[in-house]
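Visitor: I am new to reading protein models, and I would like to go through this one slowly, with a reason for each step. Could you take my questions in turn?

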Amino acid sequence: MQPQIVVPDYKGIHNQNPTETNARLEKSKSYRDLSTIIICPTRGVVPAKVVQSWMGLMRPMNQKVIGPLFAIGMEVGEAYNSMIEMILQNPELSKWKYILTIEEDNMPPPDGLLKLYEHMNEYDVIGGLYWTKGEGGQPMIYGDPKVAPVNFIPQMPLVDGIQPANGLGMGFNLFKLDMFKDEKIQRPWFKTVQEFSPQKGAKMYTQDLYFYENALKAGYKFACDTRVKVGHYDFANDIVW
C-alpha cells in the first residue's frame, strides 16, 4: 500500500451519486417482487455440463426462486401445460410473479436471469438468445412485429440489445405468470400442431409458436435479450451450438 494522507469521507461509493445509484437499482428491479418458478420438461437425464451451467445461475438476492421443477417423460407441450396448471392450482405458487422455462440442453450464462428481469416492465416474455443445433443454426427469434402480415420468419439478431419478436424458443424464457390466468389465451397453452386442410393448407407448429401465436392475438408482447447468450448443447457430439 502506498503512503497516503487520509481525509475522512465516510459516505461510501454508492452514496456519492444518488441519481446514478437509483438508476442502477431501477434497472435491476432488485427491490421489486421477482418471485420465480423454474420449470423444465425432461426425458429423465440432464447432461452434467448443462447441470453445471444451471448451478452457476445467479438468483436475485433475498427473493423467492424455486426449481427447476421437472416434468419427466411427457410430450413437451403436455409437460409445460401440466407444470403450469399445477402452479396455478397451488395456493402459494399461483401468487408468484414469474415462470422461467429452461430445457435440458440449454446452458444460460450466470447473469442470464438477472438480465431478463431488467425489461419485464416493457414485455410479457423475454428470452435469451440461442440457436438451433447444427452448422446451419438459426436464431430462435421469430418474426418482426413491425412487418405485416404476422409471420415467424427468423430474425437477424441485434448485437447486445432488446429485440422485439412475434415468438421465441422455450430454452431460457421468463414469462409473467399472470399470462396463464388470462382467458383470452386459449387452452391448452402449448400444443404441437401438424394438420392440413384444403382451405388453409398445411399448418405445422412446435408447441412454443402455437402459444405465441395465441398470446400475440391477445395483445401480449415478447422480446429476445441478445445480451443473454445461451448455449444449445448437443450431447451426442459434445458440442455447444
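Guide: Before we start on the sheet, one term is needed: two strands pair if DSSP finds at least two bridges between them. Please keep in mind that this is a predicted model.

Visitor: How many helices and strands does the protein have, and in which order do the strands of the open sheet stand?
Guide: The secondary structure of the protein comes to five helices and 14 strands. Seven strands form an open sheet with mixed pairing, and the twist from one strand to the next averages 25°. The order of the strands in this sheet is 2-1-3-9-5-12-7.

Visitor: Which strands stand at the edges of the sheet?
Guide: A strand at the edge has a single partner strand, so one side of it is left without a neighbour in the sheet. This holds for the strand of residues 65-72 and for the strand of residues 162-165, which are strand 2 and strand 7.

Visitor: In which sense do strand 1 and strand 2 pair, and what is the handedness of the crossover between them?
Guide: Strand 1, residues 36-42, pairs with strand 2 over six bridges in the parallel sense, and one of the bridge partners is Val 65 in strand 2, which belongs to Thr 36. Between the two strands the chain passes through helix 2, residues 48-55, and this β-α-β crossover is right-handed.

Visitor: At the other edge, how do strand 7 and strand 12 run, and which residue of strand 12 stands opposite Pro 164?
Guide: Strand 7 is joined to strand 12, residues 222-229, by four bridges, and the two run antiparallel. Opposite Pro 164, in strand 12, stands Ala 223.

Visitor: Is Asp 225 buried or exposed, and with which side chain does it make a polar contact of 2.7 Å?
Guide: Asp 225 is found in strand 12, and its relative accessible area is 0%, so it counts as buried, for which the value must be under 20%. Among the residues that Asp 225 touches, leaving out those up to four places away in sequence, are Lys 115, Ile 126 and Gly 161. The polar contact of 2.7 Å joins the side chain of Asp 225 to that of Arg 227.

Visitor: How many aromatic pairs are there, and why is the pair of Phe 175 and Phe 211 called edge-to-face?
Guide: The count comes to 13 aromatic pairs. The ring centres of Phe 175 and Phe 211 lie 5.8 Å apart and the planes meet at 65°, and because planes over 60 degrees apart count as edge-to-face, the pair takes that name. Phe 175 is in strand 9 and Phe 211 in helix 5, 36 residues apart, and both are buried. The angle behind the name edge-to-face is thus 65°.

Visitor: Of Tyr 233 and Phe 235, which is buried and which is exposed?
Guide: These two also form an edge-to-face pair, at 6.3 Å centre to centre and with 70° between the planes. Tyr 233 has a relative accessible area of 4%, so it is buried. The value for Phe 235 is 59%, so the exposed residue is Phe 235.

Visitor: What percentage of the residues in the protein is buried, and what percentage of the contacts joins residues at least 24 apart?
Guide: Buried residues make up 47% of the 241 residues in the protein. Among contacts between residues at least 6 apart in sequence, the part that joins residues at least 24 apart is 73%.

Note on methods: Residues numbered from 1 in each chain as written. Predicted model: local features only at pLDDT ≥ 70, side-chain atom pairs only at ≥ 80, totals over all residues. Heavy atoms only, no water. Axes fitted to C-alpha atoms, helices over the stretch in contact; angles between N-to-C directions. Right-handed = clockwise from strand over helix to strand, strands pointing away. Buried < 20%, exposed > 50% of the residue type's maximum accessible area, 1.4 Å probe, protein only. Polar contact = N/O pair within 3.5 Å; in protein donor to acceptor, adjacent residues only side chain to side chain. Contact = heavy atoms within 4.5 Å. Phe/Tyr/Trp six-rings, centres within 6.5 Å; stacked < 30°, edge-to-face > 60°.
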